[in-house]
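This note is offered to a colleague who is meeting the structure for the first time. The points below are numbered so that each may be checked in turn.

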Amino acid sequence: MEIRLQNLTKKYLNRNRKNPGEITAVSDFTLKIPDGMLVGLLGPSGCGKSTTLNMICGLEHPGSGRIFFGDRDVTELLPEYRGVGMVFQNYALYPHLTVRKNILFPLENLRGKERLSKAEMARRADEAAAMVQIGELMDRKPGELSGGQQQRVAIARALVKMPHVLLMDEPLSNLDARLRLQTREEIRKIQRSTKITTVFVTHDQEEAMSISDMIVVMKEGVVQQIGKPQEIYDDPVNLFVARFLGTPPINLFEGQICDGKIVIGNTPVLNAADAAGMEPVFQKGNCGPRGPVTVAVRPEGFVPCEDGELSCALQRVEVMGRDISIVAEHPACETSALRAIVDASALPAPEAKAVKFSLKPEKIFLFCPETGERIRRI
Ligand SMILES: Nc1ncnc2c1ncn2[C@@H]1O[C@H](COP(=O)(O)OP(=O)(O)O)[C@@H](O)[C@H]1O
Ligand SMILES: [Mg+2]
């Protein structure tokens with residue numbers, strides 16, 4: 001089912017007496033989700049992810065804007081008629097019911113011509129349970145299950161109605177690291193095999209990157225960027241997006257553009273025209289002088305070499321197997337240390353006090369220090 005969100009805006013009354021007025025939880029949100037796609041809604045806590053999801057499923061009514069499932073305008077439709085399955089962070093299972101009864105629950109509540117026979121309900125419940133591999137737990141109560149198993153029950157319960165749309169709000173946040181990874185892969189597999197259009201909310205960029213066909217990055221209720229995970233990582237529209245994606249995080253330097261060169265500290269490190277995503281018109285040399293810029297370098301953009309332009313004081317080296325992480329200091333770095341991820345063969349000598357890097361142009365982005373907007377021409 002294709003989903004279209006058109007200019008969705010949601011405001012809440014601010015209950016804080018010291019600061020009365022309205023909070024805009026979601027502002028002018030427009031998005032088209034093609035049929036069968038898994039979209040990751042990504043942003044820090046409070047940026048409006050849950051509010052957006054709740055508007056899609058009908059638990060919240062948008063103050064303005066429309067929601068379409070296919071050609072149908074569902075904005076005024078009650079949640080139970082939208083054909084959506086919801087999965088929440090806290091599982092929200094009925095503790096006094098068995099796993100089987102929990103999964104059957106949405107089917108037993110169908111009325112009128114939607115009502116299924118007992119045998120059909122049982123068949124669907126078994127099928128949903130098998131999909132998340134909890135077939136052998138059907139007679140237990142939720143209290144007798146681990147967190148990961150409980151979340152599988154919640155997923156089975158969302159799938160049993162064969163929804164057109166699956167909405168998941170931080171479904172992995174209560175699981176430990178290993179289970180989170182495993183469950184994430186299973187969700188991806190189930191989504192691929194059922195082809196249910198899915199919106200997956202998370203504040204975890206790594207989770208969003210690994211599971212999504214398309215990511216929507218939000219900040220303070222406003223969509224910042226929409227794109228495939230790799231596209232957003234390689235070509236962020238602003239500093240917020242550049243910083244939000246990637247572990248270790250992107251490294252920031254105070255820089256200048258002088259004579260067409262990016263200068264960090266007193267050292268020209270690169271032609272500004274060669275930085276990632278610069279417009280071709282600028283590359284023809286169409287450039288004047290320019291003041292300060294924020295130079296952002298992905299950790300994999302540093303290449304240790306003896307005649308590298310960027311001289312840093314070596315703090316320490318962390319060995320991670322295939323790669324090593326070099327932690328170093330530079331006076332123009334906006335944080336106390338920069339972190340470079342390099343091949344293990346580039347391990348600095350144990351007694352080394354300094355390290356020099358050259359920079360990979362495609363891993364460097366320029367931003368306006370005041371607005372945080374990406375600079376694409378000088
Ligand atoms: N029922 C509500 N009443 C008032 N403010 C709310 C309500 N629900 C959410 N908000 C506010 O709206 C903003 C977005 O919240 P939410 O969508 O829950 O963010 P997220 O899911 O990204 O953490 C936050 O500032 C939050 O405090
Ligand atoms: Mg939330």
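1. The surroundings of ligand 1 deserve attention at the outset. In this predicted model, the residues around ligand 1 are Y12, I23, A25, G43, S45, G46, C47, G48, K49, S50 and T51. By character, this shell divides into four nonpolar residues, six polar residues and one charged residue.

2. Which elements each supply at least two residues of the shell around ligand 1? They are β2, spanning residues 22-33, and α1, spanning residues 49-57. The largest share, three residues, comes from α1.

3. The next point concerns the sheet. Six strands form an open sheet in the order β6-β7-β8-β3-β9-β10, and their pairing is mixed. At its edges lie β6 (84-87) and β10 (222-227), each of which pairs on one side only. From one strand to the next, the twist averages 15°.

4. Within this sheet, one pairing may be followed residue by residue. Strand β3, residues 38-42, and strand β9, residues 214-219, run parallel and are joined by four bridges. The bridge partner of L41 in β9 is V216.

5. A single loop residue is also worth examining. Q89 is placed in the loop between β6 and α2, the latter covering residues 99-108. Is Q89 buried, exposed or partly exposed? Q89 counts as partly exposed because it has 18 C-beta neighbours inside 10 Å, whereas a buried residue would need 20 or more and an exposed one would have 12 or fewer.

6. The contacts of Q89 may be read alongside that result. Leaving aside residues up to four places away in sequence, Q89 touches D169, E170, P171, S173 and N174. As a further reference distance, the C-alpha atoms of Q89 and D204 are separated by 13 Å, although these two residues are 115 residues apart along the chain.

7. Finally, some totals describe the chain as a whole. Its secondary structure comes to nine helices and 20 strands. Along its principal axes, the C-alpha trace spans about 75 × 45 × 45 Å. Of the 378 residues in the chain, 38% are buried.

8. The contacts of the chain can be summarised by sequence separation. Among those between residues at least 6 apart in sequence, 67% join residues at least 24 apart. The pairs that Q89 forms with D169, E170, P171, S173 and N174 may be inspected in the structure as individual contacts.

Note on methods
Residues are numbered from 1 along each chain as its sequence is written. Chains are lettered from A and ligands numbered from 1 in the order in which they are written. This is a predicted model: local features need pLDDT of at least 70, side-chain atom pairs count only at pLDDT 80 or more; totals for chains, interfaces and linings use all residues. Two strands pair if DSSP finds at least two bridges between them. Axes are lines fitted to C-alpha atoms, for helices over the stretch in contact, and angles run from 0 to 180 degrees between N-to-C directions. Two residues are in contact if their C-beta atoms, placed from the backbone, lie within 7 Å. A residue is near a molecule or strand if its C-beta atom, placed from the backbone, lies within 6 Å of it. Ala, Val, Leu, Ile, Met, Phe, Trp, Tyr, Cys and Pro count as nonpolar, Asp, Glu, Lys and Arg as charged, and the others, Gly among them, as polar.
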